[in-house]
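Thanks for coming. I will go through one structure today, starting with a pair of residues and working outward.

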Amino acid sequence: MTDCLFCKIVRGEIPSKKAYEDDEVLVFHDIHPIAPVHLLLIPKAHVASLGECTAEHQSLLGKMLLMAPKLALEHGLDNGFRTMINTGPGGGQEVFHLHLHVFGGGDRIPKL
Ligand code: 5GP
Ligand code: ZN
């Protein structure tokens, strides 16, 4: 997916404030944070959304979820955090490259 925004971030064609990187995943700060800490965890390989994931993504998805508490703590979120995956236009997804939002901090997170 050459024209995908997050693929461009993975390739370094668009700058990002990176928080973590390995062979499979990239973590960077959201450009429009909705909380004092707002990270995006993405797979480096393009997959459009959670709706396109298959059994082959099982370990990757597990890895991403298990990274969330570690990253949250590393960024000072010692009182908890929220995770969110928007899927499809009906789920509010705007960038069609799978991403896990991890955010928190500040006084109070809005009640869902
Ligand atoms: P979605 O609404 O698809 O779940 O979330 C997309 C997120 O990507 C939004 O929170 C938005 O602020 C973030 N975003 C969009 N473009 C960029 C960008 O160029 N750089 C970074 N770091 N975040 C972006
Ligand atoms: Zn992509």
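Cys4 and His97 are both buried. Keep in mind that this is a predicted model. For Cys4, the relative accessible area is 8%.

What holds these two residues in one site is the zinc ion, ligand 2. The zinc ion (ligand 2) is coordinated by Cys4 through SG, Cys7 through SG, His46 through ND1 and His97 through ND1, at 2.1 to 2.3 Å. The angles among the 4 donor atoms run from 105 to 117°, and the site is tetrahedral. Ideal angles for four tetrahedral donors are 109.5 degrees. Along the chain, the donors have the spacing C-x2-C-x38-H-x50-H. Cys4 sits in the segment before helix H1 (5-11), and His97 in the loop between strand S4 (82-84) and strand S5 (100-104), so the pair ties together parts that are 93 residues apart in sequence.

Next, the cysteines. How many disulfides are there? The count is 0. Take Cys53, which is buried at 18% relative accessibility. The closest cysteine sulfur to that of Cys53 is in Cys4, 13 Å away, which is too far for a bond.

Last, the cores. The largest nonpolar core has 17 residues, and Leu39, Leu41, Met64 and Val102 touch the most other members. Strand S2 (25-29), strand S3 (37-43), helix H2 (58-74) and S5 each give two or more residues to this core. H2 provides the largest share, 6 residues. Another core, of 10 residues, lies apart from this one; among its members are Phe6, Cys7, Val10 and Leu40. Cys7 is also one of the zinc ligands I listed earlier.

Technical notes:
Residues are numbered from 1 along each chain as its sequence is written. Chains are lettered from A and ligands numbered from 1 in the order in which they are written. This is a predicted model: local features need pLDDT of at least 70, side-chain atom pairs count only at pLDDT 80 or more; totals for chains, interfaces and linings use all residues. Side-chain values use heavy atoms; hydrogens and water are left out. Donors are N, O and S atoms within 2.8 Å of the metal (3.2 Å for Na, K and Ca); water is not among the atoms, so sites may look incomplete. Four donors count as tetrahedral if all angles lie between 85 and 135 degrees; four count as square planar and six as octahedral if opposite donors are over 155 degrees apart and all others between 65 and 115; anything else is irregular. Helices (H or I, at least four residues) and strands (E, at least two) are DSSP runs, numbered from the N terminus. Buried means under 20% relative accessible area, exposed over 50%, partly exposed in between (1.4 Å probe, protein chains only). A disulfide is a pair of cysteine sulfur atoms within 2.5 Å. A nonpolar core is a set of buried Ala, Val, Leu, Ile, Met, Phe, Trp, Tyr and Cys residues joined through side-chain atoms within 4.5 Å.
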